[in-house]
Amino acid sequence: MLDLCIGMSSTVAVLEGRVFGLDAQLAVGILVQAIAIFLLFAFLSFILFEPVKKVLNNRTERIKNDIESARRDKEEAAKLKEEYDGKIQSADTEVQEILSEARKKAKKRENDIIDEATEEAARVKNRASQEIELEKSKAQDEIRQEIIKVATAMAAKIITVSLSEQQQNDLLEETLKEMGDDTWLSR
């Protein structure tokens, strides 16, 4: 420690004759180092800082362009959305019109089918009425034929036997019973 104290005292003695302890050699060394640092800074700025600055500027430009492109894309997407919304709205309207038209056509077709069915039912009813009248007419003809047969049979019996009026009535009643009540009651 003593050596250190002695060394310091001699340094203090040496420094007393100089301003701030600077000598010419130290000033030249500082100047050379400053020039070297400046040259190093210039060299590094040319080699590193300028390319980095250029990359950063390019990146900034690219980001600005991307932001502008995104803004344009967003505006275009908004326009397309409005256009598609309009198309969807018009498609919905068109669907409603088509459905309405289909309902009208279905209702008209339903009415046509009902009218056709009503007409067909009327034709069937008329045909059935005609057939009923024809069958009724046939039945009446058959009844007349039966009456003629009964009358002929009675006439044959009356001719063979001369009967009194009471006997004739009894004979008529008997003949009617033989033929059956259904034939005479259906008239």
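Surface patches are made of residues with over 30% relative accessible area and no salt bridge, like charges being joined within 9 Å and nonpolar side chains within 5 Å. In the predicted model examined here, a negative patch of this kind is formed by Asp-170, Glu-173, Glu-174 and Glu-178. One of these residues, Glu-173, is found in helix α3, which spans residues 165-179. Glu-173 has a relative accessibility of 46% and therefore counts as partly exposed, since that class lies between the limits of 20% for buried and 50% for exposed residues.

A nonpolar patch is also present on the surface. Leu-40, Phe-41, Phe-43, Phe-46, Ile-47, Leu-48 and Phe-49 make up this patch, which covers about 750 Å². Among its members, Ile-47 belongs to helix α2, comprising residues 24-160. The relative accessible area of Ile-47 is 41%, so this residue is classed as partly exposed.

The secondary structure of the protein chain consists of 4 helices and 0 strands. Read from the N terminus, the order of elements is α-α-α-α. Helix α2, with Ile-47, and helix α3, with Glu-173, belong to this series.

For the protein chain as a whole, buried residues account for 4% of the 187 residues. The exposed area of the chain amounts to about 16500 Å², and 61% of that area is supplied by carbon and sulfur atoms.

Note on methods:
Residues are numbered from 1 along each chain as its sequence is written. This is a predicted model: local features need pLDDT of at least 70, side-chain atom pairs count only at pLDDT 80 or more; totals for chains, interfaces and linings use all residues. Side-chain values use heavy atoms; hydrogens and water are left out. Accessible areas come from the Shrake-Rupley method with a 1.4 Å probe; for residues, only the protein chains shown count as cover. A salt bridge is a side-chain nitrogen of Lys or Arg within 4 Å of a carboxyl oxygen of Asp or Glu. Lys and Arg count as positive and Asp and Glu as negative; His and the chain ends are not counted. The place of a charge is taken as NZ of Lys, CZ of Arg, CG of Asp or CD of Glu. Helices (H or I, at least four residues) and strands (E, at least two) are DSSP runs, numbered from the N terminus. Buried means under 20% relative accessible area, exposed over 50%, partly exposed in between (1.4 Å probe, protein chains only).
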